[in-house]
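Here are a few short exercises to work through with the model open beside you. Try each one before you read the solution.

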Amino acid sequence: MKFFIQAGAVLGLLGVAIGAFGAHALRAMLEASGRTTTFETAVKYQFYHALALLLVGLLMHTVGSNATTVKLLNWSGYSMLGGVIVFSGSLYILCFTGVTWLGAITPLGGLGMIAGWALLLWAFL
């Protein structure tokens, strides 16, 4: 529970910092490389999942006595966290380095995020 709240807070903090850095210090580089939209997508999904991880942590606290629900929420949180690291991380690296083969692993991060949302739903069915 505490871990997902901390992870959400860190991802949120970094999302704001990276987004601001990109909007100001990296603007010219991102525009020149045509990667502004890619960068914005990475920040946006990172931030959405920062909030989702906060929610998962709070829900774990709320349903603490239901072991099955807590287990599903735990898997949900780890799936979201892994997904955002792979998805947003690969997009950030693509933006900064131009290494295009990383685009091939980005969908794996997306699948992790989707799995996290599906597990969150499953926890409350």
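## Exercise 1: a loop residue

R35 sits in the loop between α2 and α3. This is a predicted model, so take the values here as computed from it. Work out whether R35 is buried or exposed, or something in between, and which residues it contacts beyond its sequence neighbours.

**Solution.** Start with the accessibility: the relative accessible area of R35 is 23%. Buried would need under 20% and exposed over 50%, so R35 counts as partly exposed. Next, the contacts. Once neighbours within four places in sequence are set aside, R35 is in contact with L30, L94, C95 and T100. For a sense of distance, try I114: it lies 79 residues from R35 along the chain, and their C-alpha atoms are 24 Å apart.

## Exercise 2: a residue in α4

Find M80 in helix α4 and decide whether M80 is buried or exposed. Then list what M80 touches.

**Solution.** M80 has 0% relative accessibility, so it counts as buried. Now look around it: leaving out residues up to four places away in sequence, M80 touches H49, A52, L53 and V56, along with G112, M113, G116, W117 and L120. Finally, check F4: 76 residues separate it from M80 in sequence, while the C-alpha to C-alpha distance is 9.9 Å.

## Exercise 3: following α3

Compare the span of helix α3 (residues 36-62) with the expected one, then pick out its buried residues and say what covers them.

**Solution.** From first C-alpha to last, the 27 residues of α3 reach 39 Å, close to the 39 Å expected at 1.5 Å a residue. The buried residues of α3 include T38, F39, A42, V43, Q46 and H49. Further along, A50, A52, L53, V56, G57 and M60 are buried too. Their cover includes α1 (2-24), α2 (27-33), α4 and α5.

## Exercise 4: two helix pairs

How do α1 and α3 pack, and how do α4 and α5 cross?

**Solution.** Take α1 and α3 to begin with: their axes are 7 Å apart, at an angle of about 160°. Angles over 145 degrees count as roughly antiparallel, so that is the label for α1 and α3. Their crossing is left-handed. The contact of α1 with α3 has 17 nonpolar, 7 polar and no charged residues.

Now go to α4 (residues 67-97) and α5 (residues 106-123), whose axes come within 7 Å and cross at roughly 160°. That makes α4 roughly antiparallel to α5. α4 passes α5 in a left-handed crossing, and their contact has 16 nonpolar, 10 polar and no charged residues.

Key
Residues are numbered from 1 along each chain as its sequence is written. This is a predicted model: local features need pLDDT of at least 70, side-chain atom pairs count only at pLDDT 80 or more; totals for chains, interfaces and linings use all residues. Side-chain values use heavy atoms; hydrogens and water are left out. Axes are lines fitted to C-alpha atoms, for helices over the stretch in contact, and angles run from 0 to 180 degrees between N-to-C directions. Helices (H or I, at least four residues) and strands (E, at least two) are DSSP runs, numbered from the N terminus. Angles under 35 degrees count as roughly parallel, over 145 as roughly antiparallel, 65 to 115 as roughly perpendicular and the rest as oblique. A crossing is left-handed if the near helix is turned anticlockwise from the far one by less than a right angle, and right-handed if clockwise. Ala, Val, Leu, Ile, Met, Phe, Trp, Tyr, Cys and Pro count as nonpolar, Asp, Glu, Lys and Arg as charged, and the others, Gly among them, as polar. The expected span of a helix is 1.5 Å times one less than its number of residues. Buried means under 20% relative accessible area, exposed over 50%, partly exposed in between (1.4 Å probe, protein chains only). Contact means heavy atoms within 4.5 Å.
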